Amino acid sequence: MKSRFSLEGKTLLVTGASSGIGRCVAVECAKMGARLVINGRNQERLNQTLSMLEGTGHQAIAADLSDHEAVSAMVDQLPQLDGVSHNAGVTSIGMIKFIKADDWQALSQNNVFSAIWLTRCLVAKKKLNKPASVVFTSSISGNDSVRHGEALYAATKSALSGFAKAAALDLAPQGIRVNCVHPGMIETELFHSSQDALTQDLDEMKKLFPLKRFGNPEDVADGIIYLLSDTSSWVTGTELKIDGGYTLI
């Protein structure tokens, strides 16, 4: 008997798939039987992800999702979709007194506008099947746990979470579910080059987590697979924290 967590027969779009969480989501979804369209800015790294995917029929489309014309053009190329895992986004650390208008523009374009315009185009061009599932990768910084220097980043992730809830209501009559995952500290290439990793004792940082470890991309991918699968067919408008218990403290 096929597992209800199986993604066999589903066609999914995974954005931000050239590295980190997005790459892992693509790899794990392919293992679960999905046919994938993967997106990222960098064609070379996107092709690397494509070579890692099990199964056949996958395709890669390079596009900058902060550009509304690029989003529209990409959506025109897409097949009918059963689900979307939107992971594209950027991080930013800086104190409020140093914020520049360009900083806000760039961060909001990448972290909020890309998700809103992609969803709008998918719906307007009727690329989402009924039913379908859309999952946004947000952050615990958006709702539960903000650190010094995260003012802009937290604002964009909070906006993304708010949009997801409103979209869940708007699209429910069409059988389209919309949810968010909120990862905590996840060990990716980006994390190990970040200021936190460079300036702080990582073993001491791990002690802040009740489960005494950082997350890995597979932890997040498993949560996203649940929300993309038929197992979560009665789940919409929710926020799944994947943080090792960090926000409990």
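The legends below describe close-up views of a predicted model.

**View 1. Helix H3 and the elements that its buried residues pack against.** In helix H3, which spans residues 68-77, the residues Val71, Met74 and Val75 are buried. They cover an arc of only 100° around the axis, which puts them on the same side of H3. An α-helix has 3.6 residues a turn, so residues three or four places apart point the same way. The buried residues of H3 pack against strand S1 (11-14), strand S2 (35-40), strand S3 (59-62) and helix H4 (101-124). At the start of H3, the backbone nitrogen of Glu69 has a side-chain oxygen of Asp67 within 2.9 Å.

**View 2. The largest nonpolar core, with its 28 residues.** The members that touch the most other members of this core are Leu13, Leu78, Leu118, Leu122, Leu128, Phe136 and Val178. Two or more residues each come from H3, strand S4 (81-86), H4, strand S5 (128-137), helix H5 (151-171) and strand S6 (176-183), and H5 gives the most, with six residues. If residues up to four places away in sequence are not counted, Leu78 touches Leu13, Val37, Ile61, Leu122 and Lys127. A second, separate core has 27 residues, among them Val27, Ala34, Ile38 and Ile224. In soluble globular proteins, nonpolar side chains tend to be buried together.

**View 3. The aromatic pair of Phe5 and Tyr226, one of five aromatic pairs in the model.** The ring centres of Phe5 and Tyr226 are 6.4 Å apart and their planes stand at 45°, so the pair is tilted. The pair links distant parts of the chain, since Phe5 is in the segment before S1 and Tyr226 is in helix H9 (residues 217-228), 221 residues apart. Phe5 is partly exposed, at a relative accessible area of 39%, and Tyr226 is likewise partly exposed, at 28% relative accessibility.

**View 4. The aromatic pair of Phe136 and Phe163, and an aromatic cluster.** Phe136 and Phe163 form a tilted pair, with 6.0 Å from centre to centre and 55° between the planes. Phe136 lies in strand S5 and Phe163 in helix H5, so the pair ties together parts that are 27 residues apart in sequence. Phe136 is buried, at 1% relative accessibility, and is also among the residues that touch the most other members of the largest nonpolar core. Phe209, Phe214 and Tyr246 form one aromatic cluster.

**View 5. His86 and its surroundings in strand S4.** His86 is buried, at 2% relative accessibility. Leaving aside neighbours within four places in sequence, His86 is in contact with Thr15, Leu65, Ser114, Ala115, Leu118, Val135, Phe136 and Thr137. Of these contacts, Leu118 and Phe136 are also listed among the residues that touch the most other members of the largest nonpolar core.

**View 6. Cysteines Cys29 and Cys121, neither of which is in a disulfide.** The model has zero disulfides. For Cys29, the nearest cysteine sulfur is that of Cys24, 9.1 Å away, whereas a disulfide would need the two sulfur atoms to lie within 2.5 Å. Cys29 is buried, with a relative accessible area of 0%. For Cys121, the nearest cysteine sulfur is that of Cys180, 19 Å away, and Cys121 is buried as well, at 0% relative accessibility.

**View 7. Lys241 in strand S7 (residues 239-242).** Lys241 is partly exposed, with a relative accessible area of 40%. The side chains of Lys241 and Thr247 are joined by a polar contact of 3.4 Å. Lys241 and Ser139 are 102 residues apart in sequence, while their C-alpha atoms are 8.2 Å apart in space.

**View 8. Backbone details at Pro131, Lys126 and Lys212.** Lys130 and Pro131 are joined by a cis peptide bond with omega of about 10°, and Pro131 is in strand S5. Lys126, in the loop between H4 and S5, has a positive phi of about 55° although it is not a glycine, and this residue is exposed, with a relative accessible area of 66%. Lys212, in the loop between helix H8 (202-206) and H9, also has a positive phi, near 60°, and is exposed at 52% relative accessibility. Most residues other than glycine have a negative phi, and most peptide bonds are trans.

Conventions
Residues are numbered from 1 along each chain as its sequence is written. This is a predicted model: local features need pLDDT of at least 70, side-chain atom pairs count only at pLDDT 80 or more; totals for chains, interfaces and linings use all residues. Side-chain values use heavy atoms; hydrogens and water are left out. Buried means under 20% relative accessible area, exposed over 50%, partly exposed in between (1.4 Å probe, protein chains only). Helices (H or I, at least four residues) and strands (E, at least two) are DSSP runs, numbered from the N terminus. The arc is that of the directions from the helix axis to the C-beta atoms. Contact means heavy atoms within 4.5 Å. A polar contact is a pair of N or O atoms within 3.5 Å; within protein, one must be able to donate a hydrogen and the other to accept it, and residues adjacent in sequence count only if both atoms are side-chain atoms. A nonpolar core is a set of buried Ala, Val, Leu, Ile, Met, Phe, Trp, Tyr and Cys residues joined through side-chain atoms within 4.5 Å. Rings of Phe, Tyr and Trp (its six-membered ring) pair if their centres lie within 6.5 Å; planes under 30 degrees apart count as stacked, over 60 as edge-to-face and the rest as tilted.
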